[in-house]
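Q: Could you take a close look at the salt bridges here, one pair at a time, and say how open to solvent each partner is? After that, I'd like to hear what sits in the nonpolar parts.

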Amino acid sequence: MPRLNNFIDDFQKDHSELLDLLTSFHGAIESSNPGGAKEILSKMETIANGHFNFEETYLYPRLRRLMLEITENLRKEQETTKEFIRKSRGILGKGKWGKDELSELLELLPRLSKFFEDCNDLVSLIEKFSKEDKEDLDRRF
């Protein structure tokens with residue numbers, strides 16, 4: 001696991017360095033220092049080329065797989081939730097229920113709880129949506 005922490009730290013370090021270099025580049029341009037701006041631009045290019053190559057080759061394919069897996073799991077859990085509600089209505093509608101029937105329902109509760117917690121975690125991604133997408137979601141919900 002320490003390897004993952006190093007990856008995240010290193011990945012964020014590249015982003016921070018690029019942000020710092022953008023600020024430095026801006027300062028070099030404002031102070032009419034073309035030599036400094038060229039040097040900064042060269043550093044930016046070196047970091048960006050390696051970083052972007054890594055993203056395109058390794059990170060993006062994994063992110064695409066992860067998003068596909070997440071959405072497939074969300075659909076499955078939606079179906080599980082619908083089935084849970086349907087079964088619960090059927091059992092409770094009888095007025096009497098057996099221990100086995102209740103046990104089956106109660107066993108699903110932790111799974112469904114995790115599903116809704118995971119959904120809440122994903123909602124934070126909405127902050128990355130465009131203004132138009134957010135407005136569309138507001139209208140539809």
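A: Let's start with E101, which in this predicted model has a relative accessibility of 26% and so counts as partly exposed, since that class runs from 20% to 50%. Its side chain meets that of K94 in a salt bridge, 2.6 Å from N to O. K94 comes out at 51% relative accessibility, so it lands in the exposed class, which takes anything over 50%.

Next up is E79, which pairs with K82; the closest N and O atoms of this salt bridge are 3.5 Å apart. Both residues belong to helix α2 and sit three residues apart, about one turn of the helix. E79 is partly exposed at 47% relative accessibility, while K82 is exposed, with a relative accessible area of 53%.

Then there's E127 with K134, whose side chains form a salt bridge at 3.7 Å, N to O. Here the acid is the exposed partner, E127 having 59% relative accessibility, and K134 is partly exposed at 28%.

Beyond these pairs, D136, R139 and R140 are tied together in a network of salt bridges. The full count for the model is eleven salt bridges.

Now for the nonpolar side of things. In soluble globular proteins, nonpolar side chains tend to be buried together. The largest nonpolar core here has eight residues: L18, L21, A28, A37, I40, M44, I47 and A48. Two helices, α1 (2–30) and α2, each give two or more residues to this core, and α2 provides the largest share, five residues. If you zoom in on I47, you'll find that it touches D14, E17, L18 and L21, leaving aside residues up to four places away in sequence. A second, separate core is made of five residues, among them F84, I91, L105 and L108.

Finally, the largest pocket, with a volume of about 190 Å³. Its lining is made up of M67, I70, T71, L74, C119, L122, V123, L125, I126 and F129. By type, that's nine nonpolar residues, one polar and no charged. Helices α2 (34–93) and α3 (99–123) each supply at least two of the lining residues, with the largest share, four residues, coming from α2. So α2 turns up in each part of this tour: it holds the E79 and K82 pair, gives the largest share of the largest core and does likewise for the lining of the largest pocket.

How values were computed:
Residues numbered from 1 in each chain as written. Predicted model: local features only at pLDDT ≥ 70, side-chain atom pairs only at ≥ 80, totals over all residues. Heavy atoms only, no water. 1 Å grid on protein atoms, 1.4 Å probe; cavity = no way out; pocket = protein on both sides within 12 Å on 5 of 7 lines; lining within 4 Å. Points joined across faces, edges and corners; volume = space filled by probe spheres on them. Nonpolar A, V, L, I, M, F, W, Y, C, P; charged D, E, K, R; others polar. Core = buried A, V, L, I, M, F, W, Y, C linked by side-chain atoms within 4.5 Å. Buried < 20%, exposed > 50% of the residue type's maximum accessible area, 1.4 Å probe, protein only. Contact = heavy atoms within 4.5 Å. Salt bridge = Lys/Arg side-chain N within 4 Å of Asp/Glu carboxyl O.
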